[in-house]
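Colleague: Could you take a close look at the enclosed spaces inside this protein for me? I'd like to hear what lines them.

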Amino acid sequence: MTRVAVLGLGTAGAAAARACARAGLDVVGFERGPLDQAGARWVNGVPRWAFEAGGLPDPVVPELRGAEGAFHLVGGWGPERVSLSSSLEVDMRHLVARLQADAAEAGAELRGEVAVRVEGDALWVGDERVEADVLVDATGHCGLRLLGQPEHAPADLCTAAQKVHRVADMGGARRFLEAWSAREGEVVCFSGVAGGYSIVNVRVEGDEVALLTGSLPPHPSGNALLRRFVEEHRWIGEPKFGGSRTIPVRRAWACVGRGRVALLGDAAAQVYPAHGSGIGMQLAAAALLAEALAAGRGPWAYNVAWQRAYGGLLAASDLFRRFSAGLQPEDVRALMRRGVLSAGLMGDAMAQRPVRPDPASLAKAASGLARLPRLAARLAPVLARMRAAEAWYERYPRDPAALPRWTAGLARLTGVAD
């Protein structure tokens, strides 16, 4: 029986341990801290399709903190805005606990508060050598760099923060919602407030308000944006829980599985770059990994399956992310005002699907771009390269020997090398 060692038991690692154990593999997992503190400790938006792709039942309360609802995307601090549908609001603390519990029930051995290191072909846990056929690196960020992946460029690292606060003044919260024609449970997301990629995302539900922020350097960090927003809105009370993290927001590495090593989650840069969400991709990747390993095809087969299924989507999203990072608040507002950033275009991005606007939205966007020649000159080639990148990943090579040539072609196409 194939023995799988999972390094890191946050969302990605716990999902892999669960999927592999349920597929009949011999699984042992390791986490450097306590198991009940692994992974993110805050609330994330996760598209519903990701739970199905990951072989998971949909979340329920208390893991589920909010179903899909209106999502009001505001250009800068307004007044321009576009309204679309949000993802599920999921408490990561409960999701990780569910994944770990399912993994253990399926027979996985999970160990917390242990230090692991990989030396050549050997996996060491303290002074104990652990035998494993496959190593799954789900340790986050650049991971243990077991496939030689480089450090992330600073411009590809989003500093994000998310906290749930108590509402100190319900009247003030209601006035805030009324000012944006929003209802309780709906999201008001201010975009481009500190560079084109930055957001301040606000959701009021009952006596709590969830705040999510993020930005790219050299702009103020997600933590700084969150603190500033709280200081300027006195109706927001003390924090109840949350945290912050640096998230890679570039396309996934061109190889996420080879030999006996598989990369998963942030270690693989499996994050939807346009808005920095990785949970959905992690759940889907874990399922593909378990399927490949259970069939005896190994990490390379997982790599090929994942790249062909999702690599083009993330590469296209990264191209748009790089474009949006150079926008100013007035650019975002102009694109909304002219119908370029419409619900028809942004809805797919919110759901982490390939952007396929309906004909009416596409015609409106083309008309709007014609009135914004400076932005059109920048955006039009990006849109063309997004489609080309999706097509390029459909030809991801099954032969490892062909990967360098394919990767070189990808670099020429996107202008970005691994």
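**Inside the cavities**

Modeller: Let's start with the second largest cavity, whose lining residues split into seven nonpolar, one polar and one charged. Keep in mind that this is a predicted model. The space in this second largest cavity comes to about 30 Å³. Around it you'll find Ala15, Arg18, Ala19, Gly54, Leu56, Leu99, Leu283, Ala286 and Ala287. Two elements, α1 (11-22) and α6 (279-294), each give two or more residues to that lining. Arg is counted as charged and Gly as polar, so Arg18 is the charged residue in this wall and Gly54 the polar one.

Stepping back, the structure has two cavities of 30 Å³ or more. The other one to look at is the largest cavity, with about 40 Å³ of space. Its lining is made up of Tyr272, Leu313, Ala316, Ser317, Arg353, Pro354, Val355, Met386 and Glu390. Here the elements that supply two or more residues are α7 (298-325) and α11 (373-393). Of the elements, α7 contributes the most to this lining, with three residues.

As for chemistry, the lining of the largest cavity divides into six nonpolar residues, one polar and two charged. Arg and Glu both count as charged, so the two charged residues in this wall are Arg353 and Glu390. The polar one is Ser317, because Ser falls outside both the nonpolar and the charged lists.

Notes. Residues are numbered from 1 along each chain as its sequence is written. This is a predicted model: local features need pLDDT of at least 70, side-chain atom pairs count only at pLDDT 80 or more; totals for chains, interfaces and linings use all residues. Side-chain values use heavy atoms; hydrogens and water are left out. On a 1 Å grid over the protein atoms alone, a cavity is a set of points where a 1.4 Å probe fits but cannot get out, and a pocket is an open set with protein on both sides within 12 Å along at least five of seven lines; lining residues have an atom within 4 Å of a point. Grid points are joined across faces, edges and corners, and a volume is the space filled by probe spheres set on the points. Helices (H or I, at least four residues) and strands (E, at least two) are DSSP runs, numbered from the N terminus.
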